[in-house]
Amino acid sequence: MANTKPLLLLTDLASTVDRVPSNFIRPLSDRPNLQQLQSSTASIPIVDLQDPNHSHIVQNIAHACRNYGFFQIVNHGIPEEVVSKMVNVSKEFFRLPESERMKNYSDDPSKATRLSTSFNVKTEKVSNWRDYLRLHCHPLQDYIHEWPTNPPSFRDDVAEYSRRMRGLGLKVMEAISESLGLEKEYIGKALGEPAQHMSINYYPRCPEPELTYGLPSHSDPTAITILLQNEVPGLQVLHNGHWLTVNPVPNTFIVNIGDQIQVISNDRYKSVLHRALVNSEKERMSIPTFYFPSPDAVIKPAPQLVDNDHPAQYTNYEFSEFYNKFWKRGLSKETCLDMFKLQN
Ligand code: OGA
Ligand code: NI
């Protein structure tokens, strides 16, 4: 019998097929609209983090969070060189021979360092056009010894990026706290010692991008996510019933509110659905940094945001419970938040 190697990753397979294999094909009722990807001009709000008027920053964030759940940040203080090293080393990683990349492979979502494909191959029915390397980044010394050592500069470049992103994430969460009328430290404290993960998403060129997603519609289980994308568009955000394309802008990050801030804000801010489309011309890469509560933090609506007019919308829960449910359920249109919602 021929020795057939099981296909675990997409990257190499993608370059050999001229049709999308059947396990990637979405049902007719759930396919992307590629015209939208090209024609969209509207975009999500921009926040300048070096605006000398701090209350202006806070107001802009409040407006963006209430109306979009997403915003872009400029003048964020992360040096261009740090970002370009992060992007380059990620590209090099996905160009390594598959046998080398496979050293990091695992389909177990509880592993802190792992290369995988799609979303959760153990639970999902339709696969997504994506490979990804997932890393835990804080505290760095607990995880860095598990990270890939090839490319040789991988650990240095990614560690530098994630250290810088820690400061930025905490700063953005402070401004979000203020934008809710809470003390600046509120969200940081509510999360315990916030966890920080990173995903390096690699979306190969796809021969039939109209049949599949890089990532289907989902909300993030995070407090916030800060995303870096390369120059290839693909991210879409649901806004007033339409999918808005977030066109890449150099030196800009995209911030979105995740499920945990939806709960803490008692629904004043929503964790908005978004998705990633693929295309037949160019590979796409995105690098989200995910800020989570610590596993034992108890998440609940901020008492200051609960009153007779705004009864508590969620029951208290330990974050680890939420996180386990997220990976078991798979990405779907309903968020895991439904499971913690109170019936008022
Ligand atoms: C995610 C995500 C979007 C993108 O990783 O949660 O939404 O553009 N990524 O890759
Ligand atoms: Ni997401």
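Q: What distance separates the end C-alpha atoms of helix H7, and what span should its 26 residues have?
A: This is a predicted model. Helix H7 covers residues 154–179, which is 26 residues. The expected span of a helix is 1.5 Å times one less than its number of residues. For H7 that gives 38 Å, and this agrees with the distance between the end C-alpha atoms, 37 Å.

Q: Which residue with a positive phi follows H7?
A: Helix H7 runs over residues 154–179. The residue in question has a phi near 80° and is Gly-181.

Q: Which residues does UniProt list for "domain: Fe2OG dioxygenase", and how much of that stretch is strand?
A: The UniProt entry is unreviewed, and it lists residues 194–293 for this domain. The end C-alpha atoms of that stretch are 5 Å apart in the model. Helix makes up 6% of residues 194–293, and strand makes up 45%.

Q: Which residues coordinate the nickel ion (ligand 2)?
A: The donor residues are spaced H-x1-D-x53-H in sequence. The coordination is at 2.1 Å, through NE2 of two histidines and OD of an aspartate. These residues are His-218, Asp-220 and His-274.

Q: Are His-218 and Asp-220 buried or exposed?
A: Both residues coordinate the nickel ion (ligand 2). A residue with under 20% relative accessible area counts as buried, and one with over 50% as exposed. His-218 and Asp-220 are both buried.

Q: Which residues come nearest to ligand 1?
A: There are 13 residues around ligand 1. Among the nearest are His-218 and His-274, and both of these also coordinate the nickel ion (ligand 2). The full set of nearest residues is Tyr-203, His-218, His-274, Arg-284 and Ser-286.

Q: How much of the area that ligand 1 exposes when taken alone does the protein bury?
A: An N or O atom in the side chain of Tyr-203 is 2.6 Å from an oxygen atom of ligand 1. For the side chain of Ser-286 the distance to a ligand 1 oxygen atom is 2.6 Å, and for a polar side-chain atom of His-274 it is 3.0 Å. Taken alone, ligand 1 exposes 290 Å², and of this the protein buries 95%.

Q: Where is Pro-139, and what is the omega of the peptide bond from His-138 to Pro-139?
A: Pro-139 sits in the loop between strand S4 (131–136) and helix H6 (140–143). Most peptide bonds are trans. The bond from His-138 to Pro-139 is cis, with omega near -10°.

Q: Which residue is joined to Pro-151 by a cis peptide bond?
A: Pro-151 lies in the loop between H6 and H7. The bond has an omega of about 0°. The residue joined to Pro-151 is Asn-150.

Q: Is Asn-240 buried or exposed?
A: Asn-240 is in the loop between strand S8 (235–239) and strand S9 (242–245). Although not a glycine, Asn-240 has a positive phi of about 45°. Over 50% relative accessible area counts as exposed. At 66%, Asn-240 is therefore exposed.

Q: What is the relative accessible area of Thr-252?
A: Thr-252 is in the loop between S9 and S10. A polar atom of the Thr-252 side chain lies 3.1 Å from the backbone oxygen of Pro-250. Asn-251, in that loop too, counts as partly exposed at 45%. Thr-252 is buried, with a relative accessible area of 10%.

Definitions and conventions
Residues are numbered from 1 along each chain as its sequence is written. Chains are lettered from A and ligands numbered from 1 in the order in which they are written. This is a predicted model: local features need pLDDT of at least 70, side-chain atom pairs count only at pLDDT 80 or more; totals for chains, interfaces and linings use all residues. Side-chain values use heavy atoms; hydrogens and water are left out. Helices (H or I, at least four residues) and strands (E, at least two) are DSSP runs, numbered from the N terminus. UniProt positions are given in the numbering used here, feature names are shortened, and annotations may be inferred rather than shown by experiment. Donors are N, O and S atoms within 2.8 Å of the metal (3.2 Å for Na, K and Ca); water is not among the atoms, so sites may look incomplete. Buried means under 20% relative accessible area, exposed over 50%, partly exposed in between (1.4 Å probe, protein chains only). A residue is near a molecule or strand if one of its heavy atoms lies within 4 Å of it. A polar contact is a pair of N or O atoms within 3.5 Å; within protein, one must be able to donate a hydrogen and the other to accept it, and residues adjacent in sequence count only if both atoms are side-chain atoms. Accessible areas come from the Shrake-Rupley method with a 1.4 Å probe; for residues, only the protein chains shown count as cover.
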